[in-house]
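Please open the structure in your viewer and keep the selection tool at hand, since this tour moves from one group of side chains to another. At each stop, make the selection before you read on.

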Amino acid sequence: MSSPPSSSCAAPLSSSLRTQLFNPFPNRFISSARFYQHRSSKCEMSRRGFALKGGIVASGVSVMGSSLITEPAQGVERLEFKPDGYNFWTWRGHRIHYVVQGEGFPIVLIHGFGASAFHWRYNIPELAKKYKVYAIDLLGFGWSDKALIEYDAMVWRDQVVDFLKEIVKEPAVVVGNSLGGFTALVAAAGLPEQVVGVALLNSAGQFGNANSKSNESEETLLQKAIVKPLKEIFQRIVLGFLFWQAKQPARIESVLKSVYINSSNVDDYLVESITRPAADPNAGEVYYRLMTRFMLNQSKYTLDGVLSELCCPLLLLWGDLDPWVGPAKANRIKEFYPKTSLVNLKAGHCPHDEVPELANKALLDWLSGLTLEPPPSRCNFVQI
């Protein structure tokens, strides 16, 4: 991801940083985090080096004192907010939070960056009228443990795959928003015998660039002994400041309103569902690892690579007014993958929460036409 050239660093933390902080996925799954630049590009560090822009917001450590008295969207049933969470599953020694409601064919919902199962608050009750609905918190987010591990997209893939095997235990459809969308895709590709369909809502992910070449070189002794430690110290100082900014409820509300075209659903419930779980003492370190090590190792995971391994039907529920991930990506996915249905919604980055009535209807209509059987072990169609 590139930023417009600038000759000045006069306002490195201006309002434009709000977008740069919270959406790492407009054209790529993860932006390259270049925290140490040549001195001729010293302004780049503040403009894109600390970019983490996707899903919802970065983890915080502050808990709002909200009483959550705001009313739900008119005419739409809402999941009850439970400060202690709903259900927990132990995965690789870590507590994983999830919600389950309803009976019938299983649907698994996966949230975006910085969010939680509660971001599906308007979808779970409606879908649960016909299906058994699970909503899982990815490791490091929501009410799941803030594990001090080396984060990688494949960690969340493994988590969802094992959740499907150990908790769901039968064929299912997986649904994901933003980062959760890419996670849904890689999980479906990794478990084709159990996933019968995938639905993406403004998914993260980038198509590969065949012309790109790696400029990586072996680290010299000087780099290992001096440059790398100094780089990490500097990263921690700057990211610590950005973390302090990102955790503020007012900042979270502001970012949400920038990607919800209709911001009426940006309420105390939503903001507290993001700030409360981040009170974990490990939240700051998780944030640091996501912003550095996680971001630096993602270019090898591409949409075309994952879609080439997918066999099941795919639904795209796309908020066409998303300032981060526009409709062009949805159109390209549809062109690349022939078993795709596309529904365009007049909404922003989180159509499931902004226009839940429309998103629920589109998802239910698509589900009603699915063959709810495990797909073949090999794709029986040719990719375009």
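Which side chain meets that of D365 in a salt bridge? Select D365 together with K361, and you will find the two side chains joined in a salt bridge, with a distance of 2.9 Å from N to O. Please keep in mind throughout that this is a predicted model.

**Salt bridges along helices**

Now display helix 13, which covers residues 356–368, and notice that D365 and K361 are 4 residues apart in it, so that about one helical turn separates them. D365 counts as partly exposed, because its relative accessibility is 45%, in between the limits of 20% and 50%. K361, for its part, counts as exposed, with a relative accessibility of 52%.

While you are still thinking about salt bridges, select R78, R121, D267 and D353, which are joined into one network by salt bridges that share partners.

Next, go to helix 7, residues 249–259, and select K257 and E253, whose side chains meet in a salt bridge at 3.0 Å from N to O. Here too the partners are 4 residues apart within the helix, which means that they are separated by about one helical turn. K257 is partly exposed, with a relative accessible area of 40%, and E253 is also partly exposed, at 31%.

Then select R157 and D158, which form a salt bridge in which the closest N and O atoms are 2.9 Å apart. R157 has a relative accessible area of 26% and is therefore partly exposed. In total, the structure holds 11 salt bridges, and the ones you have selected are among them.

**A stop at the cysteines**

How many disulfides does the structure have? The count comes to 0, and selecting C312 and C311 lets you follow the reasoning for one of the cysteines. A disulfide is a covalent bond between the sulfur atoms of two cysteines. The closest cysteine sulfur to that of C312 belongs to C311, but it is 7.5 Å away, which is too far for a bond because the cut-off is 2.5 Å. C312 is buried, with a relative accessible area of 3%, and if you select C350 as well, you will be looking at another buried residue, with a relative accessible area of 0%.

**Aromatic rings**

Turn now to the aromatic side chains, for which a search of the whole structure finds 14 pairs. Select F81 and F118, which form a tilted pair with 4.9 Å from centre to centre and 40° between the planes. This pair links distant parts of the chain, 37 residues apart, since F81 lies in the loop between helix 2 (44–49) and strand 1 (87–91), while F118 lies in the loop between strand 3 (106–110) and helix 3 (124–127). Is F81 buried or exposed? F81 counts as buried at 11% relative accessibility, and F118 is buried as well, with a relative accessible area of 0%.

Add Y86 to the selection, and you will see that Y86 and F118 also form a tilted pair, with 6.0 Å from centre to centre and 50° between the planes. Because Y86 lies in the loop between helix 2 and strand 1, whereas F118 lies in the loop between strand 3 and helix 3, this pair ties together parts that are 32 residues apart in sequence. To show the wider group, select F81, Y86, F118, W143 and Y269, which ring pairs link into a cluster.

**Charges over rings**

For the next stop, select R95 and F88, where R95 lies over the face of the ring, at 3.8 Å from the ring centre. Then select R332 and F207, where the charged end of R332 sits over the ring of F207, 4.1 Å from its centre.

**Strand 4 and its partners**

Finally, select strand 4, residues 132–136, which is largely enclosed by the rest of the structure, because 4 of its 5 residues are buried. Add strand 2, residues 94–101, which runs antiparallel to strand 4 and is joined to it by 4 bridges; within this pairing, Y98 has I136 of strand 4 as its bridge partner. Then add strand 3, which pairs with strand 4 in the parallel sense over 5 bridges, and look for L109, whose bridge partner in strand 4 is A135.

Note on methods
Residues numbered from 1 in each chain as written. Predicted model: local features only at pLDDT ≥ 70, side-chain atom pairs only at ≥ 80, totals over all residues. Heavy atoms only, no water. Salt bridge = Lys/Arg side-chain N within 4 Å of Asp/Glu carboxyl O. Buried < 20%, exposed > 50% of the residue type's maximum accessible area, 1.4 Å probe, protein only. Helix = DSSP H or I, 4+ residues; strand = E, 2+ residues; numbered from the N terminus. Phe/Tyr/Trp six-rings, centres within 6.5 Å; stacked < 30°, edge-to-face > 60°. Lys NZ or Arg CZ within 6 Å of the ring centre and 35° of its normal. Pairing = 2+ DSSP bridges.
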